[in-house]
Amino acid sequence: MTVSLEQLQRCHVAVDLGAARTRVYVKGLGLVVDEPSVAAVNTRTGSLIAVGALAEQMTGRTPHYIRVARPVSGGSVVDIEMAQRMLRHLLGDKLRRSLRRKPRLRAAACTPHEADPLAQRATVETLIGLGARRVELVDTLIAAAVGCGLPVEQPTATMIMVCGAATTQIAVLSLGSIVTAVRIPVGGNAIDEAIIQHLRQHHQLLLPSQSVRPLQLALHGNGLQTTGPALTEIHGRDVATGLARSAQVDTAAVRQAIHTPLTAVLDGVGKVLRDCPPDLVADLADRGIMMVGGSALLPGLDQMLREATGMPVHIAERPDACAVLGLGAMLDGKIQPMVLNPLAG
Ligand SMILES: Nc1ncnc2c1ncn2[C@@H]1O[C@H](COP(=O)(O)OP(=O)(O)OP(=O)(O)O)[C@@H](O)[C@H]1O
Ligand SMILES: [Mg+2]
């Protein structure tokens with residue numbers, strides 16, 4: 001961890017700007033914002049019409065003068081100004097005023113593993129624009145591991161897989177640091193996209209991009225598992241005629257379509273394990289893999305991982321919010337650093 005726990009304890013607010021959702025934790029208050037990272041703008045006046053869940057509902061339903069923007073993409077802030085405006089509205093006046101009263105507002109934010117300097121800079125700029133004097137950056141992998149209660153500071157290996165919307169990050173941690181890690185540009189979005197493409201190609205059916213909580217929708221909660229109905233009815237729009245139509249979709253084929261992006265994730269798991277020192281791999285065989293991030297809820301993904309690795313696989317308690325809750329725990333001083341100085345005792 002590059003930033004020390006003491007520095008984090010001095011922060012007042014923790015932010016996780018994700019491709020899908022933005023989460024904010026305020027010291028002493030807990031998780032105050034957990035909303036989609038979306039803002040709807042009136043292009044005639046430039047004013048903001050809605051943010052968060054309301055703006056997300058507008059996606060694909062707006063007249064031409066309303067633009068729905070996603071200021072965070074691929075795990076990093078791509079539109080700093082819009083991200084600031086979105087965050088300002090998500091926080092609300094009351095909270096913003098109380099934060100502004102702090103003479104030297106300090107913020108912590110998590111950034112994806114090995115985020116490039118430009119992406120890190122964009123996160124810092126966004127928070128400075130909101131009044132922070134100092135911004136501490138923490139690797140999402142560490143924040144999420146703390147958030148799901150893994151004993152990161154111990155000299156024992158733990159393996160974590162952060163399944164986000166834009167990326168999947170996998171790491172082996174020991175003694176508070178990352179031993180090996182990979183970041184794969186495949187996440188929940190790529191899985192959604194695979195399903196949309198499948199329905200388009202094989203059923204000539206267009207699914208509206210956001211009503212696609214497609215997994216549950218298409219698979220009736222069976223996800224990657226083979227139990228459940230073989231066929232399911234899906235409503236969408238005919239590609240050629242543009243008319244509303246429904247189709248009987250073969251769930252096994254949809255499952256197959258999801259497997260394609262997931263092979264990249266499984267390859268990543270293999271790479272991390274191969275790069276890991278043998279002593280740590282032995283620890284991992286007992287402790288297994290902890291899954292966090294919203295896409296960890298994809299039904300059957302844990303089972304698939306179990307079969308592919310032969311290791312125990314667990315899903316964190318609140319997988320989607322683990323990273324920001326981990327940052328929050330560090331802000332609140334709930335995490336004690338391990339003292340690596342046996343001679344002093
Ligand atoms: N119950 C669920 N079943 C399947 N997928 C889900 C479920 N809940 C959330 N997701 C998926 O999880 C993803 C959002 O996860 P998360 O909130 O961790 O992303 P993020 O932190 O914004 O993204 P990133 O870390 O990649 O920037 C979305 O792609 C969403 O479709
Ligand atoms: Mg995330």
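Domain bounds here come from an automatic or database domain assignment. The structure is a predicted model, and the shell of residues around ligand 1 draws at least three residues from each of domain 1 (5-144 + 326-337) and domain 2 (155-315).

## The ligand and its surroundings

The shell around ligand 1 holds 19 residues, of which Gly18, Ala20, Gly164, Gly188 and Gly294 come nearest to the ligand. Sorted by character, this shell divides into seven nonpolar, 10 polar and two charged residues.

An unreviewed UniProt entry places the feature "binding site" at Ala165, Ala166, Thr167, Gly294, Ser295, Ala296 and Leu297; Gly294, listed in that record, is also one of the residues that come nearest to ligand 1. Two of the recorded positions can be described further. Ala165 is found in the loop between β11 (158-163) and β12 (168-174), and this residue is buried, because 25 other C-beta atoms lie within 10 Å and 20 or more are enough for that label. Leaving aside neighbours within four places in sequence, Ala165 is in contact with Gly18, Ala19, Ala20, Gly187, Gly188, Asn189, Gly294 and Ser295. Among these contacts, Gly294 and Ser295 belong to the recorded binding site as well.

Ala296 lies in another loop, the one between β17 (289-292) and α10 (301-309), and is likewise buried, with 25 other C-beta atoms within 10 Å. Beyond its neighbours within four places in sequence, Ala296 is in contact with Cys163, Met291, Leu301, Ile315 and Pro319.

## Two domains and the contact between them

The domain assignment of the protein chain gives domain 1 (5-144 + 326-337) and domain 2 (155-315), and the C-alpha centres of these two domains lie 26 Å apart. Their contact takes 16 residues from domain 1 and 19 residues from domain 2. On the side of domain 1 that touches domain 2, helix α5 (residues 140-147) provides the largest share, which amounts to three residues. The residues on that side of domain 1 divide into five nonpolar, eight polar and three charged.

Helix α5 is itself mostly covered, since eight of its eight residues are buried, namely Thr140, Leu141, Ile142, Ala143, Ala144, Ala145, Val146 and Gly147. Just after α5, Gly149 takes a positive phi of about 80 degrees.

## The nonpolar core

The largest nonpolar core has 92 residues, and those that touch the most other members are Ala144, Ala145, Ile160, Val292 and Leu327. Domain 1 (5-144 + 326-337) and domain 2 (155-315) both give residues to this core, so the core lies between them. Of the residues just named, Ala145 is in contact with Leu150, Val152, Thr158, Ile160, Leu173 and Gly326, once its neighbours within four places in sequence are left aside.

A second helix that holds one of these core residues, Leu327, is α11. Nine of the 10 residues of helix α11 (residues 322-331) are buried, so this helix is largely enclosed by the rest of the structure. The buried residues of α11 are Cys322, Ala323, Val324, Leu325, Gly326, Leu327, Gly328, Met330 and Leu331, and α11 is followed by Gly333, whose phi is positive, near 75 degrees.

## Positions with fewer neighbours

The description now turns to three residues outside the buried class. Asp275 lies in helix α8 (residues 251-275) and counts as exposed, while its C-alpha atom is separated by 9.6 Å from that of Val172, a residue 103 residues apart from Asp275 along the chain. Leu175 has a positive phi of about 50 degrees although it is not a glycine, and Gln204, also a residue other than glycine, has a positive phi near 50 degrees. The table sets out where these residues are found and how many C-beta neighbours they have.

| Residue | Location | C-beta neighbours inside 10 Å | Class |
|---|---|---|---|
| Asp275 | helix α8 (residues 251-275) | 12 within 10 Å | exposed |
| Leu175 | loop between β12 and β13 (177-184) | 13 within 10 Å | partly exposed |
| Gln204 | loop between α6 (188-203) and β14 (205-206) | 15 within 10 Å | partly exposed |

Asp275 counts as exposed because its 12 C-beta neighbours inside 10 Å meet the limit of 12 or fewer.

Methods. Residues numbered from 1 in each chain as written. Chains lettered and ligands numbered in written order. Predicted model: local features only at pLDDT ≥ 70, side-chain atom pairs only at ≥ 80, totals over all residues. Near = placed C-beta within 6 Å. Nonpolar A, V, L, I, M, F, W, Y, C, P; charged D, E, K, R; others polar. Core = buried A, V, L, I, M, F, W, Y, C linked by C-beta atoms within 7 Å. Contact = placed C-beta atoms within 7 Å. Helix = DSSP H or I, 4+ residues; strand = E, 2+ residues; numbered from the N terminus. UniProt positions renumbered as here; feature names shortened; annotations may be inferred.
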